[in-house]
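Look through the structure below with its charged side chains in mind. The text after it follows a few of their pairings.

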Amino acid sequence: MIHSGPDAINLRGNHMISKVAVIGSGTMGSGIAAQLANAGIEVLLLDIKASGVHANAIAERAVERLRKSNPPLIVHRDVLENIAAGNIEDDLPAIADCDWIVEAIVERLELKKELYHDIDKYRKRGAIVSSNTSTIPMSLLVEGMPADFRNHFAITHFFNPVRYMRLLELVQGDETAEQVMDLLRRFNDEKMGKGIVDCRDTPGFLANRVGVFALQVGIDEAIRCGLGVEDADALMGRPMGIPKTGVFGLYDLIGLDLMVDVVKSLKSILPEGDAFHRVSEPNSLINRLIEEGYTGLKGRGGFYRTRDGQREAVDLSTGEWCATRGTAPALAEAGEENGVNVLIDGDTPQHRFCRRVLARVLAYAAGLLPEVADNPAPVDDAMKLGYNWIHGPFELIDAIGTSGFISMLDEEGIPRPTYLTEADGLTCYRVEQNRLETRHVDGHYRPLTRAPGIIRFNEARCTLQALSENQSASLFRLENDIGVVEFHTKANALDEGCMEIVADAAARAGRELRGIVVHNDGPHFSAGVNLNRFREMIERSDWDGIDDFLKDFQHSVRALKYCPVPVVAAPSGLTIGGGYEVTAHCDVLVAHTNIVLGLVECMVGVIPGGGGVKDTLHRWHQILDDWEHAAHRTFMNIGCGKTGTSPQQAAELAYFRLALDRQVMNRDRLLSSACEVIDELSESYMPPTPPVFHWCGATPFNEMRRHLEKNHDAGQLMAHDVTVGTELAHIVTGGETEARDGVSEDELYAAERQSFVTLARTDATRARIVHMLDRGGPLRN
Ligand code: NAI
């Protein structure tokens with residue numbers, strides 16, 4: 001093979017990607033096009049020519065599907081204007097002005113190759129071509145293509161759904177030029193928001209190789225250990241740091257039929273002797289389910305189904321349907337609470353299941369070194385970014401302990417992978433001189449390096465000393481004297497501990513810290529205050545306790561807002577309720593593009609009590625310059641529990657300020673972007689002046705009440721919605737009184753607390769909170 005050096009490539013000044021052609025508008029092609037459009041890139045989306053008058057019908061239908069997608073694959077309907085739909089027969093010449101051509105057509109080599117010849121006729125010199133193939137080796141894809149094409153060709157393997165799955169596996173061919181790889185890496189990191197994992201051209205690359213094996217082992221061991229579907233999912237889910245869909249739930253989500261195809265195609269490309277072959281045989285139960293239409297969530301159900309409101313799961317030994325319990329076994333709860341080691345220490349079928357699953361899956365991953373990579377980080381990254389695992393396989397091995405893990409393999413009769421046996425009990429990762437290092441296959445530890453600006457806080461935090469810390473949150477100081485407040489409760493639910501750290505950060509501002517960032521890299525920044533705290537206080541009728549809790553929350557966020565240094569919130573994922581209220585008190589919001597922002601407290605029968613109503617009212621007044629309209633918009637935003645699922649959508653609700661706040665495509669760049677904003681603000685920073693409000697009084701208050709009653713009469717609102725809405729109307733208008741100028745921020749905070757406590761004392765609010773906590777969904781009452 002000729003390996004082209006840098007001189008052999010001519011990107012012809014093509015150091016930027018500003019227009020992209022995506023060919024194939026199915027699941028992946030349309031998803032890639034949507035994410036490009038989200039990034040503001042012009043896209044030409046082509047599919048085969050439809051018969052009849054509407055030649056572009058296939059690609060056009062794909063665009064329509066994007067418009068209606070849920071969860072939304074686009075950040076705003078307007079971005080669809082960035083996509084032009086066409087067909088390959090009439091429009092292929094139009095790829096001539098594209099900088100990158102992404103092929104995402106069906107997984108058939110001969111069709112892909114035929115298309116590459118056509119692409120090569122029209123692509124401009126320097127244009128990059130890539131394939132989204134999951135299984136076809138690079139060498140076959142480019143066989144017989146001209147050298148220049150091979151120099152510009154790579155595999156870009158995205159994950160579905162493209163907007164939400166962070167992983168991009170990037171494969172360089174023997175002849176792909178470095179500049180091509182650099183450009184793809186940079187563009188897909190910064191513009192597409194992807195976590196790039198460089199992969200070798202090995203079958204299934206990294207994530208699917210381990211991920212699909214893990215699923216198959218989960219099914220195999222559940223049957224072998226005699227576990228039910230529900231218990232297996234509960235154990236091989238959160239307790240192992242795997243999303244709660246577990247194994248069978250994920251099969252249902254992906255589709256049983258699709259999974260059968262995936263397993264078949266991986267089986268066809270993996271070498272003989274690969275452990276995958278032991279779990280890839282067709283499963284008669286799965287085949288029967290598919291035949292009966294149980295193809296997963298898109299069908300009548302899969303391993304789970306719902307009949308007459310009752311959730312049922314299939315019995316793996318008899319094939320009968322049985323009602324699910326809806327509760328996790330005690331071992332799963334213990335595992336979630338105390339970590340993976342409790343799962344393997346015991347001799348029940350549940351322990352055996354966990355031990356065997358972990359032993360087989362982690363040994364498989366470790367056994368892939370050095371074939372797929374020369375250190376653990378790419379494999380761990382792939383699983384975390386592509387399968388949403390909280391911990392990668394090697395991180396799990398470290399959590400168990402290498403020696404303990406090897407003994408476990410011996411007990412289970414699983415061969416020891418060389419990477420582990422040669423290590424003599426050494427960890428896969430270590431922190432040395434404040435640097436995180438990974439142990440390479442040659443036995444040496446080397447620092448884990450990331451592209452400049454990429455900071456995953458869970459990696460950074462283990463190299464930092466906390467300035468203060470409790471069970472719920474920590475305050476760290478970065479080298480540049482910027483403080484980072486990190487929440488780390490279960491699901492990042494906010495409690496007194498979180499507020500203590502927020503207040504502490506504010507107290508250190510100016511003395512030890514020259515800026516503060518509120519950030520964490522959990523899946524969700526925070527879905528609000530810990531409802532269990534309110535439930536406990538409501539059950540004890542501790543109304544003063546609730547008022548004190550809210551006072552404490554308000555004091556902490558207020559201190560943050562008026563502290564003498566710039567404060568930036570850098571959230572991603574759910575940032576709602578109290579989580580949003582914390583960010584609303586920061587100078588600038590640096591938000592990930594997939595953020596969900598909003599105030600949803602009314603759903604559980606209360607109103608935002610941490611300054612959320614006050615702040616929304618202030619923001620609407622700044623936009624509309626009219627207190628009555630501002631009150632009305634605030635009432636509607638919060639009363640309906642509206643959320644924005646992107647910064648653009650949140651801007652329509654005033655929760656994101658387009659002129660002031662920033663959005664970042666790659667969540668791993670949130671912290672560095674937030675630090676940049678602090679540097680910008682630092683030059684002439686002055687804390688904000690407290691706003692002064694105006695209450696418009698009885699007229700708008702009564703209008704709002706009439707609105708609530710009308711909607712109640714029409715059956716759209718429940719009785720308690722009217723009660724909650726009335727309290728909200730009271731805070732934003734001042735209630736049934738004369739209009740009043742000069743209302744202070746503190747009066748608004750106090751009004752929020754008063755309404756909150758009033759609502760907390762009602763049976764209906766208590767019922768809503770209990771329902772949400774016990775059933776996981778809102779109660780309409
Ligand atoms: P799909 O079946 O949803 O879409 C394929 C599209 O390609 C269809 O719209 C079809 O009309 C079009 N097409 C077929 N031949 C064509 C041609 N010659 N020219 C233009 N368009 C043509 O397939 P999907 O799932 O989007 O997969 C596409 C590629 O992405 C495959 O290589 C697959 O292996 C890979 N992939 C799929 C993933 C998934 O989760 N579905 C994940 C990662 C990669």
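Which residue forms a salt bridge with Glu-437? In this predicted model, the partner is Arg-435, and the closest N and O atoms of the two are 3.6 Å apart. Are the two residues buried or exposed? Glu-437 has a relative accessibility of 5%, so Glu-437 counts as buried, the cut-off for buried being under 20%. Arg-435 has a relative accessible area of 42% and is therefore partly exposed.

Salt bridges that share partners also build one network, whose members are Asp-220, Glu-221, Arg-224, Asp-347, Arg-352, Arg-355, Arg-356, Arg-360 and Glu-412. One contact between members of this network is the salt bridge of Glu-412 with Arg-356, at 3.0 Å from N to O. The pair links distant parts of the chain, 56 residues apart: Glu-412 belongs to helix H18 (residues 402-412), and Arg-356 to helix H15 (residues 349-367). Both of these side chains belong to buried residues, Glu-412 as well as Arg-356.

Another pair brings a strand and a helix together. Asp-198 makes a salt bridge with Arg-185, with 3.2 Å between the closest N and O atoms. Here too distant parts of the chain are linked, since Asp-198 sits in strand S8 (residues 195-199) and Arg-185 in helix H7 (residues 178-190), 13 residues apart. Asp-198 has a relative accessible area of 39%, which means that Asp-198 is partly exposed. Arg-185 is partly exposed as well, at 24%.

Over the whole structure, the search finds 64 salt bridges.

Key
Residues numbered from 1 in each chain as written. Predicted model: local features only at pLDDT ≥ 70, side-chain atom pairs only at ≥ 80, totals over all residues. Heavy atoms only, no water. Salt bridge = Lys/Arg side-chain N within 4 Å of Asp/Glu carboxyl O. Helix = DSSP H or I, 4+ residues; strand = E, 2+ residues; numbered from the N terminus. Buried < 20%, exposed > 50% of the residue type's maximum accessible area, 1.4 Å probe, protein only.
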